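User: I've got a fold to look over and want to know what stands behind each label. Can you walk me through it?
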Amino acid sequence: VWKKNRSITLVFSAASSHPNRPNTRHVELMADLAMMHGVTRSSIVLEHNSINTLQHPIEVLKLPGLNPKSNIGVVTSEWHMRRTLGEFKRHFYSIKAYPVPRSAHEFTLSSLIPNSNSLGHVTTLLREIVGIIWYKIIHIYKAS
């Protein structure tokens, strides 16, 4: 996305919840990976206070130069995009989605045999569904 429009600023948003790691560890890794792919350090802003999708847009709004009218692009996995967009739309007017596509999976007969990869994928999707429902409950509670 940045290579097509080098005037944009990339905001990496996440906090590390691991007790033995600095709070900034996740966003630093994201920034390092982006720079390995050619993104300049001056185009990167790190937001390391938010620990979940609910908090990401709230903390991003606290960054200098950003407000609800700022044009925002969101990059996350395909399966997480629905919840992410739902939260960012509560705080920003203009959002563009950049879902990271799933990796291609070749179907073979062994694909029908349960394994840890398929269990992990199903667990991730179930967790996302629970997250969507939980956020709806939170927003209903806040509105009342």
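Analyst: Sure, starting with a term: a contact means heavy atoms within 4.5 Å. With that cut-off, residues 24 or more positions apart account for 53% of the chain's contacts with a separation of 6 or more. One caveat: this is a predicted model, where local features need pLDDT of at least 70, side-chain atom pairs count only at pLDDT 80 or more, and totals for chains, interfaces and linings use all residues. Numbering starts from 1 along each chain as its sequence is written, and side-chain values use heavy atoms, leaving out hydrogens and water.

User: What makes a run a helix or a strand here, and how many of each does the chain have?

Analyst: They're DSSP runs, H or I over at least four residues for helices and E over at least two for strands, numbered from the N terminus. The chain has four helices and four strands, in the order β-α-β-α-β-α-β-α from the N terminus on.

User: Why are residues called buried, and what percentage of the chain are they?

Analyst: Buried means under 20% relative accessible area, with a 1.4 Å probe and protein chains only. Buried residues make up 29% of the 144 residues.

User: Which side chains count as positive or negative?

Analyst: Lys and Arg are positive, Asp and Glu negative; His and the chain ends aren't counted. That gives 17 positive and 8 negative side chains in the chain.

User: Which element gives the largest share of the largest pocket's lining?

Analyst: That's β3, with six residues.

Key: Buried means under 20% relative accessible area, exposed over 50%, partly exposed in between (1.4 Å probe, protein chains only). The place of a charge is taken as NZ of Lys, CZ of Arg, CG of Asp or CD of Glu.
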